[in-house]
Amino acid sequence: MMKSPKLLADAASKLKEVEDLIPKVRVIPDKLKKKLLKNVAEARENFARLSREVTVDNVELARFILRTSSKLKEATVNLKSEGVKEYVKEVDKVLRYSRAVRYDFTNLALKVKSAYRAYIIGLIPYFILSGFFGLAFAITALILMFPVIISVRGMKRRSSMGLFLASVSIPIPLVLGALAINYGVHALQDPSEISSVAAQLHIPYAAAEGLVALTLVLGVIELVSLSYAAVMFYLHRHAFL
């Protein structure tokens, strides 16, 4: 029998106690209380719902969540005026945990992994094609190399920085993918363009035609993979902490 559902339900109960305590804490301004109550209520609902949806029994993490919720209750009881700012951060942290841990207790993590794989698959054609579309794209690819490497490592750990770097890295490869598709489609219909490619690269016409077709295929892979990754990253952005 799985232990995680009970631990998550207990965490939700602790947060219900926090909800009951917040209105009684005098050092918290009334306007801020509304925001805190809203965030704690969402976190409570997230943990309560998750306790009924668990498919992966991650007991260690569930215990951590319960400890974190218990500490928030203690912090609420002992809150002083000088600790309000830090208390707000703790509430926000619990809320982020409540959104992210769904991916540790259910099969939703598989969707994040599929987006991660699509991101890597889409970037490979980008770095291959960037050298064929002018100096500007080649330089841009070199500039993007560093944030891309960090984003790949960060997203493997599901860090928010990794997600942010991936988000800012994707647009330019998408543009290049669209350009590659546009060029490939038109070039394959224009024998003179293929002849020009063959002359520039000193290769046979058939080889030039194959190279143009490969450019089209790589552009499609790049555009489709990165578009899928971008959509999935947005839909599952709460998985990243």
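A salt bridge is a side-chain nitrogen of Lys or Arg within 4 Å of a carboxyl oxygen of Asp or Glu. The exercises below concern a predicted model, and each solution proceeds step by step.

**Exercise 1. Salt bridges between parts and within a helix**

Task: Decide how the side chains of Glu19 and Arg44 meet, and then examine the pair Lys93 and Glu90 in the same way.

Solution.
- Step 1. Between the side chains of Glu19 and Arg44 the N to O distance is 2.2 Å, and a salt bridge requires these atoms to be within 4 Å, so the pair is a salt bridge.
- Step 2. Glu19 belongs to helix 1 (residues 4-21) and Arg44 to helix 2 (residues 30-53), so this salt bridge ties together parts that are 25 residues apart in sequence.
- Step 3. Glu19 has a relative accessible area of 13%, and buried means under 20%, so Glu19 is counted as buried.
- Step 4. In the salt bridge of Lys93 with Glu90, the closest N and O atoms are 3.3 Å apart. Both residues lie in helix 4 (residues 84-100), and because they are three residues apart there, about one helical turn separates them.
- Step 5. Lys93 is partly exposed, with a relative accessible area of 25%, and Glu90, at 27%, is partly exposed as well.
- Step 6. By the rule used here, the count for the model comes to eight salt bridges.

**Exercise 2. The loop between helix 7 and helix 8**

Task: Describe the surroundings of Arg158 and Ser159, beginning with the place of Arg158 and ending with the contacts of Ser159.

Solution.
- Step 1. Arg158 is located in the loop between helix 7 and helix 8, and the phi of Arg158 is near 60 degrees, which is a positive value in a residue other than glycine.
- Step 2. Arg158 forms a salt bridge with Asp104, in which the closest N and O atoms are 3.1 Å apart. Since Asp104 is in helix 5 (residues 102-105) while Arg158 is in the loop, the pair ties together parts that are 54 residues apart in sequence.
- Step 3. The two partners fall into separate accessibility classes: Arg158, with a relative accessible area of 18%, is buried, whereas Asp104, with 24%, is partly exposed.
- Step 4. Ser159 is found in the loop between helix 7 (135-156) and helix 8 (160-169), and with a relative accessible area of 17% Ser159 is buried.
- Step 5. When neighbours within four places in sequence are left aside, Ser159 is in contact with Gly154, Phe240 and Leu241.

**Exercise 3. Aromatic rings**

Task: Which kind of aromatic pair do Phe233 and Phe240 form, and which residues make up the aromatic cluster?

Solution.
- Step 1. The structure holds five aromatic pairs. One of them joins Phe233 and Phe240, with 6.1 Å from centre to centre and 85 degrees between the planes.
- Step 2. Planes over 60 degrees apart count as edge-to-face, so the pair of Phe233 and Phe240 is edge-to-face.
- Step 3. Phe233 is buried at a relative accessible area of 5%, and Phe240 is buried at 7%.
- Step 4. Together with Tyr119, the residues Phe233 and Phe240 form one aromatic cluster.
- Step 5. A charge can also be placed over a ring: Arg237 lies over the face of Tyr234, at 4.3 Å from the ring centre.

**Exercise 4. The nonpolar surface patch**

Task: Which residues make the nonpolar surface patch, and which helix gives the most to this patch?

Solution.
- Step 1. The patch, of about 320 Å², is made by Ile121, Leu214, Val217 and Ile221.
- Step 2. Helix 11 (residues 205-235) gives the most to the patch, contributing three residues.
- Step 3. Leu214 has its place in helix 11, and at 44% relative accessibility Leu214 counts as partly exposed.

**Exercise 5. A positive phi and a long separation**

Task: Is His202 buried or exposed, and how many residues apart in sequence are Ala9 and Ala138?

Solution.
- Step 1. His202 is found in the loop between helix 10 (191-201) and helix 11, and although His202 is not a glycine, its phi is positive, at about 55 degrees.
- Step 2. The relative accessible area of His202 is 73%, and exposed means over 50%, so His202 is exposed.
- Step 3. Ala9, which is found in helix 1, is partly exposed at 29% relative accessibility.
- Step 4. Ala9 and Ala138 are 129 residues apart in sequence, and in space they are 53 Å apart, C-alpha to C-alpha.

Terms used:
Residues are numbered from 1 along each chain as its sequence is written. This is a predicted model: local features need pLDDT of at least 70, side-chain atom pairs count only at pLDDT 80 or more; totals for chains, interfaces and linings use all residues. Side-chain values use heavy atoms; hydrogens and water are left out. Patches are made of residues with over 30% relative accessible area and no salt bridge: like charges are joined within 9 Å, nonpolar side chains (Val, Leu, Ile, Met, Phe, Trp, Tyr) within 5 Å. Accessible areas come from the Shrake-Rupley method with a 1.4 Å probe; for residues, only the protein chains shown count as cover. Helices (H or I, at least four residues) and strands (E, at least two) are DSSP runs, numbered from the N terminus. Buried means under 20% relative accessible area, exposed over 50%, partly exposed in between (1.4 Å probe, protein chains only). Contact means heavy atoms within 4.5 Å. Rings of Phe, Tyr and Trp (its six-membered ring) pair if their centres lie within 6.5 Å; planes under 30 degrees apart count as stacked, over 60 as edge-to-face and the rest as tilted. A charge sits over a ring if NZ of Lys or CZ of Arg is within 6 Å of the ring centre and within 35 degrees of the ring normal.
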